[in-house]
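Got your viewer open? Here is a short tour, one selection at a time.

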Amino acid sequence: MIIIGLTGGIGSGKTAATDYLSSRGAAIVDADVCARVVVEPGKPALTAIFDHFGEHLRLPDGTLDRRGLRETIFNDPIAKSWLEALLHPQIRDEMLCQIENSHAHFIVLVSPLLLETDQHKLCDQIWLIEASRNQQIERTVARDNSSPELVEKIMSTQLSNDQRRERANLIINNHGSLDDLHAELDHIIERLDLS
Ligand code: ATP
């Protein structure tokens, strides 16, 4: 079994890459999915969040008001650190659990915070996907119908590609079309004998 950690900035193409890698037989463990799993109703993290921040974050169906939580921690570094200290170990445990339950020999662990957390320690190799700054902005705006300013603000909170590159074993070039990306991934799969 080989575990590849895939990371990259907002709109760099992580999901586009994992969608294709999945079609080529990889099992995908997605940090964003795991982050939702650990705050499902009945999970200890959800109870801790309601205890800490208040019951107003509980929606009528018992689930977490994620937008309300985002607003609560916005511009409040202490609240943000508290939440990260609560969730990051649980997200990592959920990822580990999904890895252990997978029977695939090629697992891709995709995470925007792979290098910022200790999630990278679960991986045999780090792959970084890159597009240009303008492509990241344009593609994210088109996908989310968000403003370029918001995307740029999120980018300013993330590691730079230079910082990521220092720790990557392989760089996936996503400056071309989706077909180009798929061809590059095919080439990598063949070169590393992952099929
Ligand atoms: P986030 O960190 O925000 O989750 P991401 O890294 O997963 O982003 P994607 O969602 O895969 O990025 O890509 C952003 C958008 O750009 C998507 O709508 C995707 O379909 C599109 N996209 C990705 N790669 C390409 C490409 N090479 N050509 C055209 N569109 C692309």
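Which element gives the largest share of the shell around the ligand? Select helix H1, residues 14–23, and you have it: H1 supplies 3 residues of that shell. Keep in mind as you click around that this is a predicted model. Now add H6 to the selection, since H1 and H6 each bring at least two residues to the shell.

Next, show everything around the ligand. You should get 14 residues, and the ones that come nearest are Lys14, Thr15, Ala16, Arg143 and Asn174. Color the shell by class and you'll see 8 polar residues, 3 nonpolar and 3 charged.

Time for some distances. Start at Ala16, where a backbone N or O atom sits 2.8 Å from a ligand oxygen. Then hop over to Asn174: an N or O atom of its side chain is 2.7 Å from a nitrogen of the ligand. Finish at Arg139, whose side chain has an N or O atom 3.4 Å from a ligand nitrogen. Turn on the surface here: on its own the ligand has 630 Å² of accessible area, and the protein covers 77% of that.

Last stop: the second largest pocket, with a volume of about 160 Å³. To light up its lining, select Gly9, Ala131, Arg133, Gln136, Met155, Gln158, Leu159, Ser160, Asn161 and Arg164. Two elements give two or more residues to this lining, helix H6 (133–144) and helix H8 (161–165). Color by class again, and the pocket lining splits into 5 polar, 3 nonpolar and 2 charged residues.

Technical notes
Residues are numbered from 1 along each chain as its sequence is written. This is a predicted model: local features need pLDDT of at least 70, side-chain atom pairs count only at pLDDT 80 or more; totals for chains, interfaces and linings use all residues. Side-chain values use heavy atoms; hydrogens and water are left out. On a 1 Å grid over the protein atoms alone, a cavity is a set of points where a 1.4 Å probe fits but cannot get out, and a pocket is an open set with protein on both sides within 12 Å along at least five of seven lines; lining residues have an atom within 4 Å of a point. Grid points are joined across faces, edges and corners, and a volume is the space filled by probe spheres set on the points. Helices (H or I, at least four residues) and strands (E, at least two) are DSSP runs, numbered from the N terminus. Ala, Val, Leu, Ile, Met, Phe, Trp, Tyr, Cys and Pro count as nonpolar, Asp, Glu, Lys and Arg as charged, and the others, Gly among them, as polar. A residue is near a molecule or strand if one of its heavy atoms lies within 4 Å of it. A polar contact is a pair of N or O atoms within 3.5 Å; within protein, one must be able to donate a hydrogen and the other to accept it, and residues adjacent in sequence count only if both atoms are side-chain atoms. Accessible areas come from the Shrake-Rupley method with a 1.4 Å probe; for residues, only the protein chains shown count as cover.
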